[in-house]
Amino acid sequence: MVKISDLKKGDIVNINGMPHILEDLSISTPSARGANSLYRMRFRNPVTKQKYDNTYKGDDQLPDVSFERRPAQFSYKEHGLYVFTDLEDYSEVRIAEDMMEDQKNYLTDGMEDIFVLSTEDRVLGIELPPVVELDVVETGPSIKGASATARTKPATLSTGLIVQVPEYLSNGERVRVDTRTGRFLGRA
């Protein structure tokens with residue numbers, strides 16, 4: 001059993017006998033004396049893709065799922081499948097595009113530091129590194145004299161991901177992006 005207050009985004013728990021991945025988490029602390037913190041959580045079943053929203057108290061517990069976490073490298077995309085190479089036994093792991101919904105915009109050819117999550121010979125999904133480096137492909141012109149704290153503008157990155165970047169960035173620059181939030185972190 002795992003305590004609700006110990007869960008973080010990407011953790012896998014057992015809900016109604018099925019594995020669920022924690023996608024979103026928000027904590028609210030009521031101001032009343034003695035009140036427990038409330039954890040609003042959104043889980044997704046990696047098999048059926050159904051969402052499950054619920055609110056828990058910090059002391060509540062959920063059964064955890066035993067799963068395997070194996071290092072992998074992204075190889076290529078083919079016919080709606082993302083192909084990863086297991087770095088321990090060099091076997092190929094194929095994951096359907098619909099399972100890669102939010103993660104596909106961070107993948108680049110040859111990318112490492114990825115983990116494939118599986119249980120009972122069934123792939124649950126992948127775990128991306130917390131930060132990736134991507135190239136700016138298209139953005140508005142840079143403004144001379146713009147500072148780091150100035151306004152932002154949208155930029156399309158090499159994978160198709162669109163993020164807000166400072167006005168001083170221009171096409172061809174390499175940036176760091178947080179894979180958990182999708183936010184610009186800085187130049188690479």
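This passage describes the strand pairing, the salt bridges and the pockets of a predicted model.

In the part of the chain that holds strands E2 to E4, the pairing is antiparallel. Strand E2, which spans residues 12-15, pairs with strand E3 in the antiparallel sense over 4 bridges, and within this pairing Val13 has His20 of E3 as its bridge partner. The hairpin formed by E2 and E3 has 2 residues between the strands, and Asn16 in this hairpin takes a positive phi near 55 degrees. Strand E3 also pairs with strand E4, again in the antiparallel sense, over 7 bridges, and here Ser26 stands opposite Arg40 in E4.

The count of salt bridges in the model comes to 17. One of them joins Lys3 to Asp59, with the closest N and O atoms 3.9 Å apart. Because Lys3 lies in strand E1 (residues 2-3) and Asp59 in the loop between strand E5 (51-57) and strand E6 (61-62), this pair ties together parts that are 56 residues apart in sequence. With a relative accessibility of 33%, Lys3 counts as partly exposed, whereas Asp59, at 58% relative accessibility, counts as exposed.

Another salt bridge is formed by Asp53 and Arg42, whose closest N and O atoms are 2.8 Å apart. This pair likewise links distant parts of the chain, since Asp53 belongs to strand E5 and Arg42 to strand E4 (residues 38-44), 11 residues apart. Asp53 is partly exposed at 47% relative accessibility, and Arg42 is partly exposed at 30%.

The side chains of Arg70 and Glu88 meet in a further salt bridge, with an N to O distance of 3.3 Å. Arg70 is placed in strand E7 (residues 68-78) and Glu88 in the loop between strand E8 (81-86) and strand E9 (92-96), and the pair, 18 residues apart, links distant parts of the chain. The relative accessibility of Arg70 is 18%, which is under the 20% limit, so Arg70 counts as buried; Glu88, by contrast, counts as partly exposed at 48%. Both residues belong to a network of salt bridges that links Glu68, Arg70, Asp86, Glu88 and Asp89.

Residues of this network appear again in the description of the pockets. The second largest pocket holds about 210 Å³ of space and is lined by 13 residues, of which Glu68, Arg70, Asp86, Val93 and Ser118 lie nearest its centre. Strands E7, E10 (114-119) and E11 each supply at least two residues of this lining, and the largest share, 3 residues, comes from E10. By residue class, the lining of the second largest pocket divides into 3 nonpolar, 3 polar and 7 charged residues.

The largest pocket has a volume of about 950 Å³. Its lining comprises 30 residues, and those closest to the centre of the pocket are Lys9, Gly10, Ile21, Leu22 and Gln103. The elements that give two or more residues to this lining are strand E3 (18-28) and strand E11 (122-127); E3 is also the strand that pairs with E2 and with E4. The lining of the largest pocket divides into 13 nonpolar, 4 polar and 13 charged residues.

Conventions:
Residues numbered from 1 in each chain as written. Predicted model: local features only at pLDDT ≥ 70, side-chain atom pairs only at ≥ 80, totals over all residues. Heavy atoms only, no water. Salt bridge = Lys/Arg side-chain N within 4 Å of Asp/Glu carboxyl O. Buried < 20%, exposed > 50% of the residue type's maximum accessible area, 1.4 Å probe, protein only. 1 Å grid on protein atoms, 1.4 Å probe; cavity = no way out; pocket = protein on both sides within 12 Å on 5 of 7 lines; lining within 4 Å. Points joined across faces, edges and corners; volume = space filled by probe spheres on them. Nonpolar A, V, L, I, M, F, W, Y, C, P; charged D, E, K, R; others polar. Pairing = 2+ DSSP bridges.
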